[in-house]
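I am opening a fresh page to record what I looked up, contact by contact. The entries follow the order in which I went through them.

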Amino acid sequence: MQVKKIQILALTSAKRSFVVSLIGLFLLSCVLFYSQYVIAETNVSGVEIETIDEPVASSLAGEPVQDFLTDVDTKDNSQDDLWARIKDGYAMPDIESEYTAAHEEWYASRPDYVKRMVERSQKYLFHVVEEVQKRGMPTEIALLPMIESAFNPQANSRSHASGIWQFVPSTGKTFGLKQNWWVDNRRDVTAATGAALDYLQKLHGMFGTWDLALAAYNAGEGTVQRAIDRNRRQGLPTDYQSLKLPPETRNYVPKLQAIKNIVSDPEKFGLTLNSIPNRPYFARVTTPKQIDARLAAQLAEISYEEFCSLNPSYNRPVITSTGEKHQILLPVWAADRFAENLADYDKPLTSWQTYNAKRGERMDHIAQKFGMNVSQLRYVNGLSPSNRLRNSQAMLVPAVYKGKPISDASEIQSDTINAAEMENNNTIDQTSENEPTSRHAVIHKVRNGETLQILAKKYNTDTKTLMSINHLKNGQLKTGQTLKINNAVYKKNGRKTATSGKSIKISSHRKIIANRNNSSRHISARSHIRLE
C-alpha cells in the first residue's frame, strides 16, 4: 500500500497555476486509477503551490483517528491486522534462556506499561514493518523499539542515546542522522528507522546471525568481536549464548524473545494487545521552506501534541530548512486538510525571525526588546543559564510584538530565518553570559583551617569540580597543600583579584559526568512542547 504524499512548493506563473489547477481537479476524480497527478493552485495571498499526490485507499480519506485504530479482529480478516503480519514474518530462531522467562514475567506484571507501549507503537509500527520487509529482514526486528525505547521517540538514555532506536550521537552521525540546533534526526521516526536497519544489516553481514547482530547493536561490534575472539582462543563455541558479554547485552536478545512470545500469544501472559490496522497511519507532506510548528498543526486540524508525536525531531517552534522545501509527517486523514487550508491561508507562515546579538548585549535586554522574559528566550534558543552569547550570534525571536511588526532593528533579518547560520548555535560557549575568561590556572596554597567547601565558595565553584581537577580521592586537605583552580571567574567586591602578579578572572568550570553504567538503560522522556 502506498503512503499518500502531498508536495507544496512555490511556482512562478499565475496563468499556469490556473490552467494546471483545472487539470488537477479532473484528475482528483480519478485518484484510484492514476498512480500520480499534479495540481497547481494559488492561495488567497497569491502564493502559487503545487500538490503532488499518490493514490491511497479511499477508506483512509477523512477517516478519524478513532476509526483508524478500531480493533480489526471483529472483521475476521487477518490481512488487516498488523500483528498477524508480524507473526507471519518471524524468521529468527527462538532462544531458550532463563532471561527470557524473567522478562516475560516483568511485562506480564505491568499491563499498563504494555498498553502504553502498544498505544505509542500504533502510529509508527506499520512504517517500521514495511521497511523491515522491504529489506527481507525478520519481522522480529520491527519489535526492537519496544525494548529500546518502548516506542517513545522522545526517549533519552544516560549514555545520550535518543529516539525509538536509541542512537548515540556518534553512531547517528555515522548513519546520516543530522543533529544540529534545528533538528535531531535520531528522533525522526522514518530517518532513524532507515538508519537503524542499515546498521543492523551491516552487523548481520559482519557476524552472520541476527542474534549476534542484535548483540553488536546493543554493545558495539568491537565488544562482540572481542568476545568471539576470546572464545575461539579457548576453543569454546562462538554463538550468542556462549559468549561472555556485558549483562545488558546478555539480556538483550532474550528480552526481544519475550516481546516476540507476548505478541504471539498475549493471553498466555494475561495481556491484551489492541489490534493495529495493517495500513499507514501517517503521510509524508512537503511544506514550504519555513512554517511555524503550531501553524502546521492548525492547518492540518490536528492537536499540537499529535503533530509533535509525528515530528519529534524538531527542536524549535518554527520548522525551517536550508533548502526550498522539506517534509513533515501528518496523519493520512489530515493531509488533504493541510493542503486545502494552506491554499486558503493569507497570513505569514512564521511568526519568528533571526536576530543577531550586538557586542556585549545582555540576554535580558534582548528579551525585553521582543516582549519576552529571559527564560522564554533561553528556552526557544536552547540556551542554559551558563551559556555565553557570542558576538553577533544569531537568535530566534518573535517577528511581532503586541501585534505590530518589530521595527528599527537592523540586526533583524526580517524576510527570512537564516537557518544555515543558526545551525551552529549548538556550539555556544559554555561560560557565564558576557563574562570573559582567562586561560591561566590559579594555584592556591591551602592555609590552616581551610576546607574544600570554603575554597569552593571563595572561587565560585563546587567541591566536586575541585576534587576532579586536583585528582583528590576525598575531601581532606592538608595545610600547605597546593590546589589548581582552573578557568574561573572570581569576583570580590566588584574587583578583579590579582594572583601571581596578573589580573585574572576566575570562573566556575563545572563538569557534567555521565553515568556510563552498562548494566541497564535508564530511559527518560524529554518534552519538546514549544513556546506558545
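**Entry 1: a buried lysine and its partner.** I began with K260, which is buried, with a relative accessible area of 7%. The model I am reading is a predicted one, and I keep that in mind throughout. I then asked which residue forms a salt bridge with K260. I found D94, with the closest N and O atoms 2.8 Å apart. The two sit in distant parts of the chain, since D94 is in the loop between α3 (82-88) and α4 (98-108), while K260 is in helix α12 (residues 247-264), 166 residues apart. I noted that D94 is exposed, with a relative accessible area of 52%, because anything over 50% counts as exposed. K260, in contrast, falls under the 20% limit for buried.

**Entry 2: a salt bridge of helix α14.** Next I looked at E306 and saw that its salt bridge is with K123, the closest N and O atoms being 2.7 Å apart. E306 belongs to helix α14 (residues 304-310) and K123 to the loop between α5 (111-121) and α6 (125-134), so this pair ties together parts that are 183 residues apart in sequence. I checked the cover on each side: E306 counts as buried at 14% relative accessibility, whereas K123 is partly exposed, with a relative accessible area of 21%.

**Entry 3: R186 and D184.** I then turned to the side chains of R186 and D184, which meet in a salt bridge of 2.8 Å, N to O. Are these partners buried or exposed? I wrote down that R186 is buried, with a relative accessible area of 7%, and that D184 counts as buried at 7% relative accessibility. I also went back to the first pair and recorded that salt bridges sharing partners join D94, E140 and K260 into one network. For the total, I have a count of 10 salt bridges.

**Entry 4: aromatic rings.** How many aromatic pairs are there? The count I have is 10 aromatic pairs. I looked up W106 and Y107, whose ring centres are 5.2 Å apart with the planes at 90 degrees, so the pair is edge-to-face. W106 is partly exposed, with a relative accessible area of 35%, while Y107 is buried, with a relative accessible area of 1%. After that I took F175 and Y199, whose ring centres are 4.8 Å apart with the planes at 45 degrees, so I noted this pair as tilted. F175 lies in the loop between α8 (169-174) and α9 (189-207) and Y199 in helix α9, so the contact ties together parts that are 24 residues apart in sequence. Y199 counts as buried, at 8% relative accessibility. I added that ring pairs link F167, F175, Y199 and Y217 into a cluster.

**Entry 5: a charged patch.** Last, I looked at the surface, where E301, E340, D344 and D346 form a negative patch. I picked out D346 and asked where it is found. D346 is in the loop between α15 (335-344) and β7 (352-356), and I recorded D346 as partly exposed, with a relative accessible area of 49%. That value is over the 30% a residue needs to be taken into a patch.

Note on methods:
Residues are numbered from 1 along each chain as its sequence is written. This is a predicted model: local features need pLDDT of at least 70, side-chain atom pairs count only at pLDDT 80 or more; totals for chains, interfaces and linings use all residues. Side-chain values use heavy atoms; hydrogens and water are left out. Patches are made of residues with over 30% relative accessible area and no salt bridge: like charges are joined within 9 Å, nonpolar side chains (Val, Leu, Ile, Met, Phe, Trp, Tyr) within 5 Å. Accessible areas come from the Shrake-Rupley method with a 1.4 Å probe; for residues, only the protein chains shown count as cover. A salt bridge is a side-chain nitrogen of Lys or Arg within 4 Å of a carboxyl oxygen of Asp or Glu. Lys and Arg count as positive and Asp and Glu as negative; His and the chain ends are not counted. The place of a charge is taken as NZ of Lys, CZ of Arg, CG of Asp or CD of Glu. Helices (H or I, at least four residues) and strands (E, at least two) are DSSP runs, numbered from the N terminus. Buried means under 20% relative accessible area, exposed over 50%, partly exposed in between (1.4 Å probe, protein chains only). Rings of Phe, Tyr and Trp (its six-membered ring) pair if their centres lie within 6.5 Å; planes under 30 degrees apart count as stacked, over 60 as edge-to-face and the rest as tilted.
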